[in-house]
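Me: Please take a close look at the salt bridges in this model. Once that is done, go on to the ring pairs.

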Amino acid sequence: MSSKSAPGPWDRAPWDMLRARSGFRLEDLDRASTPGWDEGKNRAADRLEDLGEEMSGLQERLYAHGRTNGHRRVLLVLQGLDTAGKGGIARHVIGLVDPQGVALRSFGRPTEEELAHHYLWRIRNALPPGGRIGVFDRSHYEDVLVVRVEGLVPEATWQARYAEINAFEAEVAASGTRIIKCALMVSHEEQGARLLERLDRPEKHWKYSPGDLPTRLRWDDYQEAYQAVFDRTSTDVAPWYVIPADHKWYVRLAVAELLTRTLREMDLAWPAADFDVAAERAKLLATMTADHRSIESEDEDNGARRRRNG
Ligand code: AMP
Ligand code: MG
C-alpha cells in the first residue's frame, strides 16, 4: 500500500491495515500495537478532535438527506469481548456528532419475545432509518459467537448462519446502507486488568457481571469463534476491521477514521430545495423592516457558519 493513501499523520491508511482479508490470522494480532500510527496518544487526541469536526459536518448532510426522505445511512457494528471498549466508542467517537442523527442500539441476551422470532428479527427492527448513523453495540454476530461457544443451538444451526448473515448484510447494503464492522480485540492480560478495576472501584461495579468470568474462561473458544467470523463474513459490502484494543485511544482514533472515511465517500450533497427559494425570500423580506434586513445580512456568526457549511 502506498503511503500516499494514508490520511493525516498515519503511516499507512487504517482501512488498509485493519481490514480482515482472506488469510488473516487473529493469533498473529498484537493487541497492544497501534498499526499505522506512530505518533502516540496526544497526537491521536488532536487528530480525533479534527475528525470530530469533519464528521459533524458530514453527518449534518446525511441527516439533511434523511429529513428529505433520502434512504442512505450508515451502520457501524461493534463487537468485542467484555471490556474491549465498545461503550467508549459510543461515548468518545459517536459522541462527537449530533445525537439526533444517531440511532444507537445494544443487544444483550434475547428476551422471551425475541427468542420466539428468527435471530435476525430484532436486528432488522433496529436498523437505522434513512439519514442516520446506526450503531450496534453487539449485534447478530452474537448469534455465531456466544451462541456457538455456549452451544445454545445445534451446530448445524449456527453453521448455516454465516451465509445467512452475508445474505442479510448484502440486502441491507443494497438498500442504501454503508456497513462498517469493527471488532475490538483486547488481550487476555488487559481484559484481566480491566475486569479487576471494575471489581476494585465501586463506581465501576455496575459494569461488572458475574457472567463475565465464565466467558473469560472460554477465551480460546471465543478467539476461534471470532476467527471464523472474520474468515466467513468479511465481504466487500460489509468488511470487518480488526482493531487492537489494549490502547483505548487507538481504538477510538481508528473507528473515527473508518467512520469519517465512509461519510466522506458517500459524497452527500445538501438536499435541493423543493420550493422556490427566490420567491420565499422575497415574501420573507416583505415581512421585515429595512433595519432588520440589513442586520440579517451582516450577522457575522450566521454568515461564517453558512459559508463553512457551503
Ligand atoms: P453487555 O454487552 O456487557 O451488556 O452484555 C450483554 C450480554 O448479552 C453478553 O454476555 C452477550 O454475550 C449476551 N448476548 C448478546 N446477544 C446474545 C444472543 N443472541 N444470545 C445469547 N447471549 C447474547
Ligand atoms: Mg458486560
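**Salt bridges and ring pairs**

Reply: With a salt bridge taken as a side-chain nitrogen of Lys or Arg within 4 Å of a carboxyl oxygen of Asp or Glu, the count comes to 22 salt bridges. Keep in mind that this is a predicted model, where local features need pLDDT of at least 70, side-chain atom pairs need 80 or more, and totals for chains, interfaces and linings use all residues. Residues are numbered from 1 along each chain as written, chains are lettered from A and ligands numbered from 1 in written order, and side-chain values use heavy atoms, without hydrogens or water.

Let's start with Arg25 and Asp28. Their side chains meet in a salt bridge, 2.8 Å from N to O. Arg25 has a relative accessibility of 43%, so it counts as partly exposed (buried is under 20% relative accessible area, exposed over 50%, partly exposed in between, with a 1.4 Å probe and protein chains only). Its partner Asp28 comes out at 52%, so that residue is exposed.

Now for a bridge inside a helix. Arg194 and Glu190 also meet at 2.8 Å, N to O. Both sit in helix H8 (helices are DSSP runs of H or I, at least four residues, and strands are E runs of at least two, numbered from the N terminus). They are 4 residues apart there, about one turn of the helix. How accessible is each partner, then: is Arg194 buried or exposed? Arg194 counts as buried, because its relative accessibility is 6%. Glu190, at 25%, is partly exposed.

Helix H12 (residues 277–285) holds another case, with Glu280 and Lys283 spaced 3 residues apart, about one turn of the helix. The closest N and O atoms of this salt bridge are 3.1 Å apart. Glu280 is partly exposed at 38%, while Lys283 is exposed at 51%.

Not everything comes as a simple couple, though: Glu197, Arg201, Glu203 and Lys204 are linked in a network of salt bridges.

On to the rings. There are 8 aromatic pairs in the structure (rings of Phe, Tyr and Trp, the last by its six-membered ring, with centres within 6.5 Å; planes under 30 degrees apart are stacked, over 60 edge-to-face, the rest tilted). One of them is Phe107 with Phe136, an edge-to-face pair at 5.0 Å centre to centre and 80° between the planes. This pair links distant parts of the chain, 29 residues apart. Phe107 is in the loop between strand E2 (102–106) and helix H4 (112–115), and Phe136 is in strand E3 (residues 133–137). Both of these Phe residues are buried.

Then there's Tyr141 with Trp240. Their ring centres are 4.8 Å apart and the planes stand at 70°, so this pair is edge-to-face as well. Tyr141 lies in the loop between E3 and helix H6 (146–149), and Trp240 in strand E5 (residues 240–244), so the contact ties together parts 99 residues apart in sequence. Tyr141 and Trp240 are both buried. What do ring pairs link Tyr141 and Trp240 into? They belong to a cluster that also takes in Phe24, Tyr226 and Phe230.
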